[in-house]
Amino acid sequence: MRFEITPSSRPRFADGILLVLLISLTVFSPRFLPAGSVGQQLTVRTPDSITEIPLNVDGRHPVSGPLGTAFLVVQKGRAHLENAPCPLKICEAMGSIDRGGQVIVCLPNRIVIKVSGPEEVDAVSR
């Protein structure tokens, strides 16, 4: 099959406008999608207690487990763990959480921190 460019198959000005619109839509459309639901409070579960902490009030809260005390830092609607006494500090590496259903778990210290609110679904399987 041979392809030839004829004067009628050359791109026209309207084709250029359509291309610019499609590229613009692709680049800017994620900004208009809903970002997900931001949680309202944290549920902190330790072996000894269950505590609710509001996510909209900044603060540094001690959370005690069998290995020692870690600190839950709430800042600008996001929460993360600091100074965890566990050996690998995976819970600190999990980063900050702020969306409904997100969780920080420290298994060695038996601490679970979960953001309350509508949970987002990553995938559905049947």
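Start with Arg-78: in this predicted model, its relative accessibility comes out at 36%, so Arg-78 counts as partly exposed. Its salt-bridge partner is Asp-98, and the closest N and O atoms of the two sit 2.9 Å apart. The contact links distant parts of the chain, with Arg-78 in strand β5 and Asp-98 in the loop between α2 (90–93) and β6 (103–106), 20 residues away. What is the burial class of Asp-98? At 11% relative accessibility, Asp-98 counts as buried, because anything under 20% falls into that class. So this bridge pairs a buried acid with a partly exposed base.

How many salt bridges turn up in the whole structure? The search finds 2. Besides the Asp-98 and Arg-78 pair, there is one between the side chains of Glu-82 and Arg-60, with an N to O distance of 3.5 Å. Glu-82 belongs to strand β5 (residues 78–82) and Arg-60 to strand β3 (residues 59–65), so this pair ties together parts that lie 22 residues apart in sequence. Here the accessibility figures are 29% for Glu-82, which counts as partly exposed, and 45% for Arg-60, which is partly exposed as well. Strand β5 thus shows up in both bridges, contributing Glu-82 in one and Arg-78 in the other.

Now for the backbone. Most residues other than glycine have a negative phi. Which way does Asn-83 go, positive or negative? Its phi is positive, near 50 degrees, and the residue is not a glycine. Asn-83 lies in the loop between β5 and α2, and its relative accessible area of 47% makes it partly exposed. Arg-110 is another non-glycine residue with a positive phi, at about 55 degrees. Where does Arg-110 sit? It is found in the loop between β6 and β7 (111–116). With 52% relative accessibility, Arg-110 counts as exposed, since the cut-off for that class is over 50%.

One last stop is helix α2, which is home to Ile-90. Is Ile-90 buried or exposed? At 53% relative accessibility, Ile-90 counts as exposed. For a sense of distance, the C-alpha atoms of Ile-90 and Leu-107 are separated by 9.2 Å, with their positions 17 residues apart along the chain.

Notes:
Residues numbered from 1 in each chain as written. Predicted model: local features only at pLDDT ≥ 70, side-chain atom pairs only at ≥ 80, totals over all residues. Heavy atoms only, no water. Salt bridge = Lys/Arg side-chain N within 4 Å of Asp/Glu carboxyl O. Helix = DSSP H or I, 4+ residues; strand = E, 2+ residues; numbered from the N terminus. Buried < 20%, exposed > 50% of the residue type's maximum accessible area, 1.4 Å probe, protein only.
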